[in-house]
Amino acid sequence: MFAPLTLLLPLLALASAQSWTTLPGSLYCSSEAWGSCASADWPQSNVGSPIKPQAPDAELQAMIAEVDPRRVQDIITTLTNFGTRHTLSNQTDPVRGIGAARDWILKEMQSFAQASNGNMEVGLDSYIQGITDTISFPVNISNVVATLKGSSDSNRTYVVTGHYDSRRIDIMDYTNDAPGSDDDASGVAVVMELARICATRRPAATMIFAAVAAEEQDLYGSNHLAQKLKNASVNVEGNWNNDIVGTGSSSPFFPVNNYTIRLFGASYAYPASTLLNSTELASELQEIGIIGGENDSPARNLGRFIAEIAAGASKEVNMQVALIYRPDRYLRGGDHESFLAQGFPAVRFTEATEDFAHQHQDPRVQNGTVYGDLLEFVDFEYTARVARVNLASMWSAANAPAMPLNVSISTLIGFPAASESTPLYELSNDSQFNWNIDNDPLVASYELLWRPAGALQWTHALNVGNVGTVTVNLSKDDVQFGVRAVGKNGMKSPAVFPLPDGEV
C-alpha cells in the first residue's frame with residue numbers, strides 16, 4: 001500500500017528544507033548558538049590548509065621559562081615605594097618622585113646591558129616639555145630606552161613600552177602619594193623582564209625596550225620617542241604597549257580572567273594619520289571602506305600575529321589573548337597611539353577586567369572600601385604571564401623575516417570583461433596576488449592567508465614558495481586575504497593586507 005503523492009510531497013519538501021543546512025558550505029550548526037558555529041565551512045574551498053599555531057622552538061621555550069615572577073614583584077614593589085611618580089614630581093630626590101624612579105630604571109637597564117657583549121645600548125631620551133593644560137611648568141621628560149641591535153636587519157625594529165609615571169584623581173596633584181602599582185609599574189615590569197632576558201641573545205632585527213614618561217599627562221614621552229624613530233627613518237614594524245597588566249582577578253572575578261589578557265588593535269580609521277593631509281586621508285579611508293579592509297589594518301594584523309603566537313605557545317605562556325577590534329578601551333587611550341600616529345603598527349595589552357577603585361585613585365579607606373592603585377592588588381604571577389606573551393610574540397617577530405612589501409591584488413583577474421577581447425582566464429572567480437621579492441636572507445617562502453570575512457583570526461594558509469605572485473580559485477568577494485613571509489627557521493611575519501594593484 002503506497003501513500004498518496006499528495007501526502008508525500010509536503011514530507012519531501014520538509015526533508016529538503018532541513019537537510020540543506022547540513023550540506024558543505026552551511027553557516028548553521030545544530031549544536032551551537034547562532035554566531036558561534038566554529039564548524040561552519042562557508043565559503044567552500046580547498047585553498048590551503050587550516051592554520052595550526054606554531055609551537056616555540058627550544059631557544060624560545062628556554063627564554064619564556066626565564067620570566068621570573070619574583071623579579072616582577074621586586075620591580076613593581078620598588079617603583080611603588082617611590083611614593084609618587086607623577087611627571088611633575090621631584091626629579092632630584094634620591095628616594096621619592098619620578099626622578100628617583102627614572103634613575104633606578106636606568107641603572108637596572110644598564111646592568112642588563114652588561115651581559116649583552118656590547119649589543120645592548122641604554123640611555124635617556126629626554127626633552128623639556130613646555131606649559132600645557134596638563135603641564136603647569138616646563139619639565140624634563142625622560143624615557144629610559146634600551147636598544148638591542150639586530151644581527152642581520154638592524155633597521156627593522158620592534159618596540160615594547162610601559163609608562164613609569166603615575167597619577168591621582170587630580171591629574172595635577174604631584175606632591176601626594178600616587179603608587180601606580182598596576183598603572184603602570186606592571187607594564188614597566190614587563191618591559192624590564194624582556195630587556196633582561198633578551199640582553200644575552202642576538203635577534204635578527206632590533207628590539208627596543210622603553211619605559212616611557214608622562215603618559216598620564218598626554219602621552220608626551222612616547223610621542224617624543226615615536227617621532228624620533230620616524231625622523232630617523234627607523235622601520236618600526238610593531239609596538240607592544242603594556243598598560244595596566246597587573247591582575248586578572250578584578251570584579252566580576254571570573255576564573256578565566258586570570259589567564260586572559262586583552263589586546264586592543266586600531267582600525268585604519270584611527271588615529272587620523274599625521275602623515276597625510278585631510279584630502280589624502282579621506283580618499284584612503286574611502287578606498288579601505290570600498291574594499292572592506294577596515295578590520296585588516298597593520299595594527300589588527302599585528303594583533304592576530306600575537307594571538308596566534310600565544311596560542312602556539314599556550315603551554316609555555318599559560319595565557320590567552322583576547323583580540324578586541326578597538327584602538328583602546330572605550331573613549332580612552334595610551335602610548336601605542338603615539339606610534340599609530342607615526343604610521344607604525346601598534347597594539348595595547350590591558351588586563352581582562354579593570355578595577356576602577358584601584359586606578360587613578362587617591363589612596364584611602366572610604367566607607368569600608370580600600371581605594372588606591374596599591375601593591376596589594378597586583379598579582380605578580382599574572383603580570384609574569386603577560387610578560388611571557390610579550391616575549392614569545394616579540395622575539396618571534398624579531399627573528400622572522402620582515403613583512404612583505406607592496407602586497408597587491410589584481411583588478412583584472414576575477415572581474416567582469418572590459419571588452420570582447422578580454423581573455424577567458426580573467427573571467428573566473430580567481431584572485432591573483434603580487435608582492436615584492438627582496439634579497440632577505442631570512443626568507444624561505446611566503447604564505448597566502450585567508451579567513452571568512454566575518455572571522456576574527458586567520459583560518460587557512462597556503463605556502464606558495466619563494467615567489468612574488470600566486471593565483472588561487474577563491475573569490476575576493478567572500479574572504480579576507482593576507483600575505484606573510486616564512487623564515488628559514490620557520491618563524492613567520494605578521495600578515496599584510498593586499499590593496500588593489502596600482503594603489504600600493
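Here a trainee and a mentor talk through the rings, helices and backbone of a predicted model.

Trainee: Let's start with the aromatic rings. How many aromatic pairs does the structure hold?

Mentor: Happy to begin there. A pair of aromatic rings is described by the distance of the centres and the angle of the planes. To count as a pair, the centres must lie within 6.5 Å. The number of such pairs in the structure is five.

Trainee: What kind of pair do Phe137 and Tyr174 form, stacked or edge-to-face?

Mentor: Their ring centres are 5.7 Å apart, and the angle between the planes is 75°. Planes over 60 degrees apart fall in one class. For Phe137 and Tyr174, that class is edge-to-face.

Trainee: How many residues apart are Phe137 and Tyr174, and where does each one lie?

Mentor: Phe137 is in the loop between β2 (120-129) and β3 (139-148), while Tyr174 is in the loop between β4 (153-163) and α5 (181-198). Phe137 is partly exposed at 29% relative accessible area, and Tyr174 is partly exposed at 30%. The pair links distant parts of the chain, and the separation is 37 residues.

Trainee: Which strands does the pair of Tyr158 and Trp240 tie together?

Mentor: Tyr158 and Trp240 are edge-to-face, at 5.9 Å centre to centre and 75° between the planes. Tyr158 counts as buried at 0% relative accessibility, and Trp240 counts as buried at 0% too. The pair ties together parts that are 82 residues apart in sequence, because Tyr158 and Trp240 lie in β4 and β6 (residues 235-242).

Trainee: Let's turn to charges over rings. Over which residue's ring does the charged end of Arg364 sit?

Mentor: There are two arginines to look at here. The charged end of Arg304 sits over the ring of Trp458, at 5.6 Å from its centre. For Arg364 the distance to the ring centre is 4.1 Å, and the ring belongs to Tyr371.

Trainee: On to helices. What span should helix α8 have, and what distance separates its end C-alpha atoms?

Mentor: Helix α8 covers residues 278-291, which is 14 residues, and the rise is taken as 1.5 Å a residue. Just after α8, Gly292 takes a positive phi of about 70°. The expected span of α8 is 20 Å, and the separation of its end C-alpha atoms agrees at 20 Å.

Trainee: How many residues of α5 are buried?

Mentor: Helix α5 has 18 residues and reaches 24 Å from its first C-alpha to its last, close to the 26 Å expected. Buried means under 20% relative accessible area. By that cut-off α5 is mostly covered, and the count of buried residues is 17 of its 18.

Trainee: How do α4 and α5 run, roughly parallel or roughly antiparallel?

Mentor: Helix α4 (residues 98-113) packs against α5 with the axes 9 Å apart and an angle of about 20°. The crossing is right-handed. Angles under 35 degrees share one description, and α4 and α5 are therefore roughly parallel.

Trainee: And how do α2 and α12 run, roughly parallel or roughly antiparallel?

Mentor: The axes of α2 (residues 58-65) and α12 (residues 380-399) come within 9 Å and cross at roughly 150°. That makes the relation of α2 to α12 roughly antiparallel. The handedness of this crossing is right-handed, and the direction, to end on your question, is roughly antiparallel.

Trainee: Now the backbone. Which peptide bond is cis, with omega near 5°?

Mentor: One of its two residues, Asp184, is found in helix α5. The cis bond runs from Asp183 to Asp184.

Trainee: What positive phi does Leu331 have, and what does Asn406 have?

Mentor: Neither Leu331 nor Asn406 is a glycine. Leu331, in the loop between β8 (320-325) and α11 (336-341), is exposed at 81% relative accessible area. Asn406, in the loop between α12 and β12 (408-409), counts as partly exposed at 40%. The phi of Leu331 is about 65°, and that of Asn406 is about 55°.

Trainee: Last one. What distance separates the C-alpha atoms of Glu354 and Asp182?

Mentor: Glu354 lies in the loop between β9 (346-351) and β10 (364-366). Glu354 is buried, with a relative accessible area of 11%. Glu354 and Asp182 are 172 residues apart along the chain, and their C-alpha atoms are separated by 9.9 Å.

Terms used. Residues are numbered from 1 along each chain as its sequence is written. This is a predicted model: local features need pLDDT of at least 70, side-chain atom pairs count only at pLDDT 80 or more; totals for chains, interfaces and linings use all residues. Side-chain values use heavy atoms; hydrogens and water are left out. Rings of Phe, Tyr and Trp (its six-membered ring) pair if their centres lie within 6.5 Å; planes under 30 degrees apart count as stacked, over 60 as edge-to-face and the rest as tilted. Helices (H or I, at least four residues) and strands (E, at least two) are DSSP runs, numbered from the N terminus. Buried means under 20% relative accessible area, exposed over 50%, partly exposed in between (1.4 Å probe, protein chains only). A charge sits over a ring if NZ of Lys or CZ of Arg is within 6 Å of the ring centre and within 35 degrees of the ring normal. The expected span of a helix is 1.5 Å times one less than its number of residues. Axes are lines fitted to C-alpha atoms, for helices over the stretch in contact, and angles run from 0 to 180 degrees between N-to-C directions. Angles under 35 degrees count as roughly parallel, over 145 as roughly antiparallel, 65 to 115 as roughly perpendicular and the rest as oblique. A crossing is left-handed if the near helix is turned anticlockwise from the far one by less than a right angle, and right-handed if clockwise.
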